[in-house]
Structures are given as structure tokens and as C-alpha cells.
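Subject: Structure handover

Hi there,

Here is the structure I promised to pass on. Please have a look at it first, and then read my notes below.

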Amino acid sequence: MFGWSKRNPQPGATRDGRYLVGMGMASASYPVHNSQGTARARLYADGHAVVQSGATDLGTGTYTVMTQVAADALGLPMEKIRFELGDTNLPTAPNSGGSVAAGTVSSSVYMAAQDVWQKLIKVAVVDKKSPLFKAKPEEVTVEKGRLFLKKDASKGESFADLMKRAEMTDIEGMGQGKYGSGYETGQSGSPAGPGNNTDSAGIHAMHSFGAHFCEVRVDMDLGTVRVSKWVSVMGAGRILNAQTARSQIIGGAIFGIGSALMEETIRDQHFSRYTNADLATYHVPVNADIPDMTVEFVEEHDPFINAMGVKGIGEIAMVGVAAAVANAVYHATGKRLRDLPLTPDKVLMGGINS
């Protein structure tokens with residue numbers, strides 16, 4: 001995607017008119033942090049559901065992706081799901097930080113849905129009018145809102161029919177997301193823990209991984225550095241929504257480019273106060289500073305992290321970005337600069353091979 005194999009590896013050897021061209025890359029890794037998360041799912045016989053978790057949405061798409069997770073887990077269209085967050089009266093959930101929200105909250109929502117299904121399965125197998133009467137609970141599965149026998153899909157019924165016959169207007173489930181495998185079958189309403197999995201999660205390192213590739217053009221006379229091409233590839237478990245995840249990676253990479261090339265706080269040497277505490281003097285990237293950015297994800301299934309196999313991407317998007325930019329500047333100029341940001345004065349002082 002980037003054309004890394006076509007580069008001339010010799011530093012300072014690639015030019016385009018007045019510009020020195022350099023390519024750099026850096027790897028990225030960020031741990032999968034564990035945090036308590038709970039969710040409540042209330043399924044109504046008329047075919048809609050309310051799902052709740054005291055999570056937050058900072059603009060990263062929590063509302064959207066949790067609605068998707070709930071819809072998939074409950075077998076309902078997204079428009080039939082109302083996801084509620086942002087209130088301390090709701091089931092507890094982690095804050096949006098440390099790349100914990102998506103994995104923990106999505107797993108909590110999934111487990112709450114499984115709790116709903118397990119309760120309904122127990123109703124079905126004792127209902128004489130149900131096609132599932134006298135079946136063992138472990139023999140019943142659920143797909144798209146329909147309960148049926150694993151060995152004979154023709155024997156089953158929708159949750160709506162079951163609930164109306166049992167005169168149930170709604171049913172509620174609770175779930176907690178945390179580390180551990182054993183969720184795949186969805187046959188347990190409570191989350192898998194060390195007792196269910198011989199603490200297999202405790203002996204595994206859990207990380208998201210990635211690589212950033214950067215091309216820069218360095219003005220030989222002015223010392224300015226402009227990023228002209230960017231590719232990021234991430235392995236971050238199950239991606240809940242490719243569009244919002246791509247946007248989050250782009251945003252994090254832009255943060256990193258800003259850190260590498262322009263963002264710097266300057267303090268008064270006598271009073272230790274920041275002297276550039278405004279956007280006029282603290283420079284951040286704007287659209288003109290950023291090229292079209294390519295982001296791809298490597299599909300992976302990690303059975304040890306949580307019920308959804310989701311790893312966070314909030315931090316890994318920025319990890320390694322400044323290193324990739326600095327490596328590209330080195331490849332362009334032949335000079336290794338280690339003091340961020342790489343402003344024109346530092347580039348010129350470092351020297352440029354002519």
C-alpha cells in the first residue's frame with residue numbers, strides 16, 4: 001500500500017526538485033487494559049429493546065457501535081434499539097481512556113443480551129405450547145431473535161411469540177464484561193472468569209499492534225517538513241465499525257504528526273507558566289498539513305481478551321507516529337534529529353546533506 005520496497009534506502013539520496021524525500025516507519029503496541037463494565041438489556045415483546053451502560057461518548061462513536069452490538073446480540077434492527085449512556089444512575093462502566101471503553105462496554109452489552117436469552121430459553125423449555133418444550137437449555141441456541149434446537153432448526157419460535165404466550169411484556173438481563181475466554185457459545189448468562197477458563201487470560205500478554213508508514217518532503221532551503229503520504233495498518237482484534245475505527249486511527253495519527261512537527265508548550269523560565277496557551281501560538285495541524293491517509297486493519301480473533309474480542313484503538317493510533325515521522329526525516333536528510341518537535345530551525349541546525 002505504501003511502496004516501501006521501492007524506496008532507495010540510502011539516506012539523503014531521493015530528491016524531487018528542491019525537496020529531499022524520505023520514507024520512515026515505526027511499529028506500535030498498546031496493552032489491552034481491563035476494567036469493570038456492566039450493562040442492562042431490557043427486551044420488549046413488541047420487538048424493541050433498551051440497553052443501558054454508564055459509558056461515555058467523546059465523539060468516538062460509542063453510541064453507534066454499542067447500538068450495533070446490541071442489535072446483533074438481540075437479533076433486532078438497529079432502529080429498534082435505544083442505547084442509553086452518560087448517567088451515573090446507569091450500570092457502571094469505565095471512562096473513555098486507556099483504550100478500555102469499547103472492549104469492556106461491548107462485552108457487557110453482549111453478556112447482558114446472553115442473559116436475556118438464557119432466561120427466555122428457561123421459559124421455553126417448560127412451556128408445553130413451545131416447540132422447545134422439554135429440551136435441555138444447552139440444546140437451544142438463538143439467532144436473529146429466534147430460539148431453536150441446535151440439531152433441528154425447524155423446531156423453534158421467535159422471542160415475541162414466546163413472550164406473548166407467557167404474557168411477558170418485557171424481560172431484563174444484566175452482564176459484566178471482563179477478561180477471559182469461554183464466551184463463544186453464549187450459553188452462560190454470567191461472564192467467563194478464571195474459574196471457567198483456568199485463568200488462561202492471566203498467562204497471556206494482551207496488546208493491540210500496528211505499523212505507521214510516512215513519507216516526508218523536506219525543503220532544503222527553509223527546513224520545513226511536510227508529510228506527503230501516510231499509511232497505518234492495525235491489528236486490534238474485532239473492529240466493531242470500520243468507518244468510525246478508521247476515523248479514530250486517522251485522528252490519532254494526526255495528533256502524532258502534530259507532536260512530531262509543531263506542537264510544543266513553552267514555559268516562562270521564571271514563573272513556569274505556559275507562554276503559548278492559545279491556538280495562535282500553540283500550533284496544531286490543519287487540513288493543509290495532512291495528506292490523504294490510508295488506514296487498514298488486519299483481521300484477528302483473540303479469544304482471551306473479552307466476550308467480543310475487541311481491543312482498544314484510542315491510544316495505539318498515536319503510538320509510534322512521531323518515530324515514523326522522525327525516521328522519514330532522517331531518511332530524507334541523512335541527519336538524526338531527536339528533539340521534538342522537528343521545527344525548521346532544528347532541521348537546519350541539524351544540517352542537510354546537499
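Which elements do the buried residues of α5 pack against? They pack against β11 (225-235), β12 (293-297) and α6 (321-333). Before you build on that, please keep in mind that this is a predicted model. The average pLDDT of the protein is 88, and 92% of the residues score at least 70. One stretch to treat separately is residues 181-199, where pLDDT stays under 50; the model has 41 contacts beyond four places in sequence for these residues.

Back to α5, which covers residues 242-261. Its buried residues are A245, I249, I250, G252, A253, G256, I257, G258, A260 and L261. Many of those numbers fall into a pattern you will recognise: an α-helix has 3.6 residues a turn, so residues three or four places apart point the same way. The length of α5 also checks out: 20 residues at 1.5 Å a residue should span 28 Å, and the end C-alpha atoms are 28 Å apart, so the two agree. At the N-terminal end of α5, N241 acts as a cap, with a side-chain oxygen 3.0 Å from the backbone nitrogen of Q243.

Now for the sheet. Four strands form an open sheet in the order β5-β4-β3-β9, and the pairing is mixed. β5 (81-84) and β9 (170-177) are the edge strands, each pairing on one side only. On average, neighbouring strands here are turned by 15° against each other, direction ignored. β3 (residues 37-44) pairs with β9 in the antiparallel sense over eight bridges, and G37 has G177 in β9 as its bridge partner.

Two helices go with this sheet. Helix α2 (residues 101-124) packs on the sheet and touches β3, β4, β5 and β9, with its direction at about 140° to that of β9. Helix α1 (residues 62-74) lies across β4 (49-52) and β5, running at about 135° to β5.

One residue of the sheet that you may like to look at is Q52, in strand β4. Is Q52 buried or exposed? Its relative accessible area is 15%, and the cut-off for buried is under 20%, so Q52 counts as buried. The side chain of Q52 makes polar contacts with two other side chains: that of R40 at 2.6 Å and that of E84 at 2.7 Å. Beyond four places in sequence, Q52 touches T38, A39, R40, E84, L90 and P91.

Happy to talk any of this over.

Best wishes

Methods: Residues numbered from 1 in each chain as written. Predicted model: local features only at pLDDT ≥ 70, side-chain atom pairs only at ≥ 80, totals over all residues. Heavy atoms only, no water. Pairing = 2+ DSSP bridges. Axes fitted to C-alpha atoms, helices over the stretch in contact; angles between N-to-C directions. Contact = heavy atoms within 4.5 Å. Expected span 1.5 Å × (residues − 1). Buried < 20%, exposed > 50% of the residue type's maximum accessible area, 1.4 Å probe, protein only. Polar contact = N/O pair within 3.5 Å; in protein donor to acceptor, adjacent residues only side chain to side chain. pLDDT = per-residue confidence, 0-100.
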